[in-house]
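Hi there,

Here is the structure I promised to pass on to you. Have a look at it first, and then read on for what turned up in it.

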Amino acid sequence: MRATTRRSFLGHWLGAIAGWLLGVGASRPGGRAVAVAGGSAAQSFSEGKLLGIVPFSGEGDYPLGTAIGSGLGGRLSLDLSGLTPDTLITPNEKFFIRTRSPDQLPSAENWKIAVRGLVESPRELAVEELLPQAVSMGVHLVECAGNTRGGHFGFISAAHWTGAPIFEVLDRVNVLPQAKAVLVSGFDRHSQPDTGSVPGASWVFTFEQLQSTGAFLATEMNGARISRDHGYPIRLIVPGWYGCTCIKWVNQIVLVDDAAPATDHMREFAGRTFQDAYGPLDFLVAKPRIPETFGPRLAKDFKPATVDLAALPVRVERWLVNGRIIYRVVGILWGGEKTTDRLVIRFNPDMAYVPVHSYHHETNTTWTLWSHSWTPKRAGRYRIQLQANEPGVLMRRLGLGYYARDVDIKEV
Ligand SMILES: Nc1nc2c(c(=O)[nH]1)N[C@H]1C(S)=C(S)[C@@H](COP(=O)(O)O)O[C@H]1N2
Ligand SMILES: [Mo]
């Protein structure tokens with residue numbers, strides 16, 4: 001069992017790295033053609049006619065829009081190809097899922113969070129006690145750190161959340177002065193193991209990280225109680241950080257000091273959150289268990305799992321405008337700490353980046369749509385990649401070509 005887990009885990013890791021280093025590579029045409037109306041951003045194309053959508057190539061046929069599998073291995077990838085300005089808040093039933101509700105999840109009635117560790121008065125906090133403190137937290141995007149080409153990059157969604165700041169909880173237990181950080185864990189007992197992940201979700205945050213991100217315990221998503229698959233009755237949302245930190249089915253909040261070890265969950269996600277002590281040599285030296293070989297040993301040495309500024313094409317529309325074929329690439333821009341007006345795009349590694357034509361980046365808490373018209377000179381395969389011309393701004397995944405997508409253009 002351990003050997004299997006280890007092998008598939010390394011498979012994941014190697015796959016992810018290969019994706020980053022080699023780019024898209026595969027030649028099998030995949031994806032799906034969908035008919036999508038241009039939406040309001042297509043107004044400049046009002047003289048023309050939308051002929052169709054060119055599917056992305058070489059991405060396989062991972063199913064979109066329906067939940068597959070169960071428990072730890074359960075997934076739902078959002079179909080991004082139809083995004084319009086009107087659908088930038090993901091309906092609850094479409095919001096991506098990474099890990100469906102554990103089959104051993106107890107009834108949510110009387111759900112309690114054990115708050116303990118370096119506190120004066122440990123206690124069991126009933127979710128009911130938090131509900132009156134829950135307020136609108138605004139729209140926040142969540143992206144899985146394992147949001148890959150293989151899943152058509154659909155492990156990303158945005159919702160309007162309601163919740164209570166995590167400090168509401170901490171204020172009730174008299175935190176001791178030696179406490180430096182907060183371990184948040186969720187229920188994770190599944191009867192079926194999964195080859196792709198290690199069960200048990202928990203992350204350690206410093207007080208400063210909880211404060212500056214505005215982390216909150218969410219009770220509602222788009223005005224309805226959160227569904228079981230999304231963490232009912234209570235989950236953590238850490239704005240601006242990867243989904244792996246957004247613990248679902250929260251059942252423990254433990255106050256810890258600087259010596260707290262990194263959790264298995266943190267170590268599983270060390271590579272995907274760009275931790276320093278994570279390197280190829282770590283895995284060449286065979287170690288008994290995966291989590292021990294990845295990432296820093298101590299939670300305090302983990303870097304924040306922030307989502308850098310990133311951009312991804314979500315569809316390529318084929319138009320007929322005044323007798324000419326014109327393509328319109330539509331995509332999303334998200335992550336980062338500051339907005340940008342310097343988004344650039346290129347259509348092959350040997351082409352220069354040019355400014356993206358149309359978008360208005362107003363917020364980093366959720367995604368923004370952009371579009372760009374394009375008239376390729378000849379038929380063939382093109383690799384669409386984006387960057388932002390923002391010296392000094394971290395864009396680790398964009399820099400690695402992680403979000404590059406290929407299209408095969410047949411008509412020019
Ligand atoms: N208890 C628990 N919480 C968890 C996980 C998990 O496996 N167990 N997965 C995490 C990961 S990796 C992601 S990306 C998000 C996904 O949240 P969603 O399924 O509601 O989209 O939940 C996080 N919270
Ligand atoms: Mo994730």
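**What was found**

At 6% relative accessibility, His-152 counts as buried. This histidine lies in the loop between β7 and β8. Its phi is near 55 degrees, a positive value in a residue other than glycine. Please keep in mind as you read that this is a predicted model.

Why mention the sign of phi at all? Most residues other than glycine have a negative phi, and most peptide bonds are trans. Thr-99 is another residue to look up, with a positive phi of about 85 degrees although it is not a glycine. You will find Thr-99 in the loop between β4 (97–98) and β5 (112–117), and at 6% relative accessibility it counts as buried. For the peptide bonds, go to Tyr-232 and Pro-233: a cis bond joins them, with omega about 10 degrees. Pro-233 belongs to the loop between β12 (224–225) and β13.

**The protein as a whole**

Stepping back, the protein has eight helices and 21 strands. Of its 412 residues, 55% are buried. How much of the contact pattern joins residues at least 24 apart? Among contacts between residues at least 6 apart in sequence, the share is 75%.

**Aromatic rings**

A pair of aromatic rings is described by the distance of the centres and the angle of the planes. The count in this protein comes to 14 aromatic pairs. One of them is formed by Tyr-62 and Phe-155, which meet edge-to-face, 6.1 Å centre to centre and with 70 degrees between the planes. Tyr-62 lies in the loop between β2 (56–57) and β3 (75–76), and Phe-155 in the loop between β7 and β8 (156–165), so this pair ties together parts that are 93 residues apart in sequence. Are these two residues buried or exposed? Tyr-62 counts as partly exposed at 24% relative accessibility, whereas Phe-155 is buried, with a relative accessible area of 6%.

A second pair to find is Phe-205 with Trp-241. Their ring centres are 5.6 Å apart and their planes are at 45 degrees, so the pair is tilted. This pair also links distant parts of the chain: Phe-205 is in strand β10 (residues 201–206) and Trp-241 in the loop between β13 (235–237) and β14 (250–256), 36 residues apart. Phe-205 is buried, at a relative accessible area of 1%, and Trp-241 is buried too, at 5%.

Tyr-62 and Phe-155 come up again in an aromatic cluster, which they form together with Phe-95, Phe-96 and Trp-161.

Rings can have charged neighbours as well. The charged end of Arg-397 sits over the ring of Tyr-402, 4.4 Å from its centre. Likewise, Arg-405 lies over the face of Phe-56, at 3.9 Å from the ring centre.

**Spaces inside and at the surface**

How many cavities of 30 Å³ or more does a search of the whole structure find? There are two. The largest cavity has a volume of about 300 Å³. Its lining is made up of 22 residues, and Arg-98, Thr-99, Gly-243, Cys-246 and Lys-248 lie nearest its centre. By type, the lining of this cavity divides into 13 nonpolar, five polar and four charged residues.

Among the pockets, have a look at the second largest, with a volume of about 590 Å³. The elements that give two or more residues to its lining are β7 (135–143) and α4 (207–213). In total 23 residues line this pocket, and those nearest its centre are Gly-240, Thr-306, Val-307, Gly-336 and Glu-337. The lining of the second largest pocket consists of nine nonpolar, 10 polar and four charged residues.

**Two residues to practise on**

Start with Ile-325, in strand β16 (residues 324–334). Ile-325 is buried, with a relative accessible area of 13%. Leaving aside neighbours within four places in sequence, Ile-325 is in contact with several residues, including Leu-51, Trp-319 and Val-412. Ile-325 and Trp-374 are 49 residues apart in sequence, with their C-alpha atoms 9.4 Å apart in space.

Then try Ala-67, in the loop between β2 and β3. Ala-67 counts as partly exposed, at 34% relative accessibility. Beyond its neighbours within four places in sequence, Ala-67 is in contact with Arg-75, Leu-76 and Arg-100.

Happy exploring!

Definitions and conventions:
Residues are numbered from 1 along each chain as its sequence is written. Chains are lettered from A and ligands numbered from 1 in the order in which they are written. This is a predicted model: local features need pLDDT of at least 70, side-chain atom pairs count only at pLDDT 80 or more; totals for chains, interfaces and linings use all residues. Side-chain values use heavy atoms; hydrogens and water are left out. On a 1 Å grid over the protein atoms alone, a cavity is a set of points where a 1.4 Å probe fits but cannot get out, and a pocket is an open set with protein on both sides within 12 Å along at least five of seven lines; lining residues have an atom within 4 Å of a point. Grid points are joined across faces, edges and corners, and a volume is the space filled by probe spheres set on the points. Helices (H or I, at least four residues) and strands (E, at least two) are DSSP runs, numbered from the N terminus. Ala, Val, Leu, Ile, Met, Phe, Trp, Tyr, Cys and Pro count as nonpolar, Asp, Glu, Lys and Arg as charged, and the others, Gly among them, as polar. Rings of Phe, Tyr and Trp (its six-membered ring) pair if their centres lie within 6.5 Å; planes under 30 degrees apart count as stacked, over 60 as edge-to-face and the rest as tilted. Buried means under 20% relative accessible area, exposed over 50%, partly exposed in between (1.4 Å probe, protein chains only). A charge sits over a ring if NZ of Lys or CZ of Arg is within 6 Å of the ring centre and within 35 degrees of the ring normal. Contact means heavy atoms within 4.5 Å.
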